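Biologist: I am new to this structure and would like the terms explained as they come up. Please set each value against its cut-off.

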Amino acid sequence: MENTLKLERVILNLTQDELAQKIGVSRQTINSIEANRYVPSTVLALKLSEVFDKPVNDFFKLTKDD
Amino acid sequence: MEKKNFIDCERKQFTKLLKFRLPNTFMYVGITIAALSIVSMFVNAFVLEGDNHWLKLLSQKTLLIGMLIMSISKDKIEDEMTIQLRSQSYMIAFIVGVIYAMFMPYVEFGVSNMVHNGGENYKDLGDFQVLLFMLMIQLMFYHNLKRYR
């Protein structure tokens, strides 16, 4: 799974900390998702979708390995 | 209908039990208890005279309680990732603990007999040793997993 979370966050001019506070997780969790080290749950993905006002598919993509 | 309610009730109780964690402030309580236990172990070993077997046992129990409180205390920011990391650390601690309990007595026996002829007899590990080791591994791995997340 790969994502464009960092790009979406920069578009909204949010820091990792601000985005983390908006969806109720730690900054390190956002950092891990952006670095593709952690795949978030559906709940978290939907929360991100709400913040970015975009469908989940727009910023999370399946890779060949998935 | 009644059976369904019963199953739902059981499921809710089970989920509640699985999600049980102490508040973050308990982490400091756990650290204090563990630290005091270690201090009392040193006092018992180097300061007090005579056989204080009860103090040794008490210190061991309180050390385990302190570490258990540390282990089940929440983080300042508890999210799904920390929950996953905690689960991983418990899994690792369980596996390593079982391996330790199985092989450590043989290692102790072998080393003891290699160092001096006719060393210690073979003896199994005590519950304190195994539990302490498992709690240490859990706390250490959880800390490291959080650092490298």
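**Salt bridges, burial and helix packing**

Modeller: By the rule used here, there are seven salt bridges over all chains. This is a predicted model, in which local features need pLDDT of at least 70, side-chain atom pairs count only at pLDDT 80 or more, and totals for chains, interfaces and linings use all residues. Residues are numbered from 1 along each chain as its sequence is written, chains are lettered from A and ligands numbered from 1 in the order in which they are written, and side-chain values use heavy atoms, with hydrogens and water left out.

Biologist: Why is the pair Glu34(A) and Arg9(A) called a salt bridge?

Modeller: A salt bridge is a side-chain nitrogen of Lys or Arg within 4 Å of a carboxyl oxygen of Asp or Glu. For Glu34(A) and Arg9(A) the N to O distance is 2.5 Å, so the pair qualifies.

Biologist: What does the pair of Glu34(A) and Arg9(A) tie together?

Modeller: Glu34(A) lies in helix α3 (residues 27-34) of chain A and Arg9(A) in helix α1 (residues 5-11) of chain A, so the salt bridge ties together parts that are 25 residues apart in sequence. Helices here are DSSP runs (H or I, at least four residues), numbered from the N terminus.

Biologist: How do you know whether Lys146(B) is buried or exposed?

Modeller: Buried means under 20% relative accessible area, exposed over 50%, and partly exposed in between (1.4 Å probe, protein chains only). Lys146(B) has 24%, so this residue is partly exposed. Asp75(B) has 11% and is therefore buried. The side chains of these two residues, Lys146(B) and Asp75(B), form a salt bridge with an N to O distance of 3.0 Å. Lys146(B) lies in helix α5 (residues 127-147) of chain B and Asp75(B) in the loop between α3 (53-71) and α4 (80-115) of chain B, so the pair ties together parts that are 71 residues apart in sequence.

Biologist: Which residue forms a salt bridge with Arg86(B)?

Modeller: The partner of Arg86(B) is Glu78(B), with the closest N and O atoms 2.6 Å apart. Salt bridges that share partners join Asp75(B), Glu78(B), Arg86(B) and Lys146(B) into one network. Arg86(B), at 0% relative accessible area, is buried, while Glu78(B), at 23%, counts as partly exposed.

Biologist: Why is α2(A) called roughly perpendicular to α4(A)?

Modeller: Helix α2 (residues 16-23) of chain A and helix α4 (residues 42-52) of chain A pack at an angle of about 115°, with axes 10 Å apart. That makes α2(A) roughly perpendicular to α4(A); angles under 35 degrees count as roughly parallel, over 145 as roughly antiparallel, 65 to 115 as roughly perpendicular and the rest as oblique. Axes are lines fitted to C-alpha atoms, for helices over the stretch in contact, and angles run from 0 to 180 degrees between N-to-C directions.

Biologist: How many residues of each class are in the contact of α2(A) with α4(A)?

Modeller: The contact of α2(A) with α4(A) has six nonpolar, no polar and two charged residues. Ala, Val, Leu, Ile, Met, Phe, Trp, Tyr, Cys and Pro count as nonpolar, Asp, Glu, Lys and Arg as charged, and the others, Gly among them, as polar.

Biologist: What makes α2(A) and α3(A) roughly perpendicular?

Modeller: The axes of α2(A) and α3(A) cross at roughly 110° and come within 8 Å. The two helices, α2(A) and α3(A), are therefore roughly perpendicular to each other.
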